[in-house]
Amino acid sequence: MRTVPMNLLFDDIDVLETVGDPSAVEVGGITHDSRRVVPGDLFCCVPGMVSDGHRYAREAVERGAIGVLCEHFIPELLTRDVTQARVAPGTMRPVMAHLAAAFYGFPARDLVMIGVTGTNGKTTVTQLLGDLLTATGRPTNVMGTLSGARTTPEATEVERVLAGVRDRQRADGLRHAVAMEVSSHALVQSRVDGIHFDVAVFTNLSHDHLDYHGSMEDYFEAKAKLFTSNHALRAVVNADDPWGRVLLDRGKIPMTAVHHSDAGDVVLRPGHTEFTWRGHRVATPLTGGINIDNAMLAAEAALALDLEMEPAEIAAAMTHLRPVPGRLQVIAAPAAADAPAPSGRGDTGGAGGGKRPSRPPFTVLVDYAHTPAGLEVVLAEARQLGPGPTGRVISVFGCGGNRDRAKRPVMGAVAAAASDVAILTSDNPRDEDPFVIIEEVLAGVPGGRENRRIVVEVDRRVAIRRALDAAEAGDVVVIAGKGHETYQEIAGRRLPFDDAVEARDALAARFSSDPSTWVTPAHESRAPTQADGPVSATAFRGTSAEG
């Protein structure tokens, strides 16, 4: 087991005073979670919004912690054989980030590091980067929402994961990369302070997490921390986003501006996009114009890494991008969308005889859109994917409990304006009454419950079935809000629930063929070669409330 003398870890931080002799203590690990302490660990007492880590120092010591880093000494430990080191109030998180990086030997310095931030699109861009770099022979780990309990883990976990990637790099002799989602919470809480990114990517900024940040200006300033010389060498920025233009105007590091207009000759179908980028024709299995933007951000980030890649190589590799679970994920699409038939009609299973049709003549999408801007974009994409003026957009949406309440009426207004039929239901109500959440959403809908476009159905499973039962040829159904999540949080419990599974089950009752054969599931699309695609960064599963 690796150990480091405690006094050496303290070389570059400002320790105000100690109890015990740090030079006599060998540290075998660093953690901030008393439940994960193993003998030999240094426990960091992190003051949090809900609880204070100082309260758990005694538990950590009883589990085997040999030292405590604190902002005030723990009186009940003064008589114990445990070293305490005190740092200034308010500095625990940046100090912990530096200690974790130092303990693991600053692993990020040996890796190709890409950090992606923004309200929406972080998960997609990091996953696409993982596929893109892996397809060009550069093994890439992806850290983020699909691989962790948080969008960006605490610094102790981040550095442990990076150390594992560095060790694999040393073993196989290949240059490894890490594409990491960097949330605004992580930037404010110094979780990535031990990392200097080769490239930082900005996707967009819109209303979210104002319960934490207070204002859009403060939310932006949190994101903007990533785009300074303290955190990154260069940047790739969505120049179509108003906040992206502010970032470009500041220009604190070299920046590449990406515009939607950089893509030419665009072709959009469910599960297929084509466009021209930097003079090269690109085809991907992604859905929607927003994913062209995401793919271009990933492609420009790959170019900016200075890994001797040419646009032609990147354009060819984009063929191997994989649809991201819960991000404009196609659950069903008419056969004509997959392979156009001479008649222009999909397979209906034959006429007459009372047979059920074999597959839907409409499109079904599952998406994580849980912000007003995200929902607006996804519903606009659905409108674009419809085959003509007769096709409707039917949405299923809700708002999460114990989260930013100010966005609820805005979500209602967006859904009512952009859908032909909007079924308002539960998302993750958590500890709130789902009916109260629904009423707050309805406050933004013109006419409230009397609006003929709005249907209220609190049971999400029933809401999904009602949407699919109502769908007709040419319609596009969008099931929004939960995306990749495999549970629903209700009254403190996580109950099994997967929007994609629920949709397929409902469709299986209406159509004769197996829904799993209609499209290639996102997780089964294959990226080639070096490894079996990006390696997930942590063992935790779940989702995050960070952006």
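# A guided tour of the predicted model

Begin by selecting residues 92-103 and 155-172, helices α3 and α5, which pack at an angle of about 20° with their axes 8 Å apart. The model on display is a predicted one. Angles under 35 degrees count as roughly parallel, and α3 and α5 are therefore roughly parallel to each other. Their crossing is right-handed. To see the contact itself, show the side chains of M96, A97, A100 and A101 on α3, together with A155, T156 and E159 on α5. This set of contact residues divides into 5 nonpolar, 1 polar and 1 charged.

Next, select helix α8, residues 216-224. Which of its residues are buried? They are M216, Y219, F220, A222, K223 and A224. Displaying their surroundings brings up several elements against which these buried residues pack: strand β8 (112-117) and the helices α4 (122-135), α6 (184-188), α7 (210-213) and α9 (242-250).

For a contrasting environment, move to R35, in the loop between β4 (29-31) and β5 (41-44). R35 is exposed, at a relative accessible area of 63%. With neighbours within four places in sequence set aside, R35 is in contact with E59 and R63. Add Y56 to the selection: the C-alpha atoms of R35 and Y56 are 9.1 Å apart, while 21 residues separate the two in sequence.

Now turn to the hairpin of β15 (residues 272-277) and β16 (residues 280-284), antiparallel strands joined by 5 bridges. W277 has H280 of β16 as its bridge partner. Between the strands lie 2 residues, and in this hairpin R278 takes a positive phi near 50°.

The final stop is an open sheet of 6 strands with mixed pairing, to be followed in the order β17-β18-β22-β19-β20-β21. At its edges are β17 (329-332) and β21 (454-456), each of which pairs on one side only. Neighbouring strands in this sheet are turned against each other by 20° on average, with direction ignored. Within the sheet, select β19 (residues 393-397) and β20 (residues 421-424): how many bridges pair them, and in which sense? The pairing is parallel and extends over 4 bridges. One position to label is S395, whose bridge partner in β20 is A422. Finally, add helix α17 (residues 499-508), which packs on the sheet and touches β17, β18 (363-367) and β22 (476-480). The direction of α17 makes about 15° with that of β17.

Conventions
Residues numbered from 1 in each chain as written. Predicted model: local features only at pLDDT ≥ 70, side-chain atom pairs only at ≥ 80, totals over all residues. Heavy atoms only, no water. Buried < 20%, exposed > 50% of the residue type's maximum accessible area, 1.4 Å probe, protein only. Contact = heavy atoms within 4.5 Å. Axes fitted to C-alpha atoms, helices over the stretch in contact; angles between N-to-C directions. Parallel < 35°, antiparallel > 145°, perpendicular 65-115°, else oblique. Left-handed = near helix turned anticlockwise from the far one by under 90°. Nonpolar A, V, L, I, M, F, W, Y, C, P; charged D, E, K, R; others polar. Pairing = 2+ DSSP bridges.
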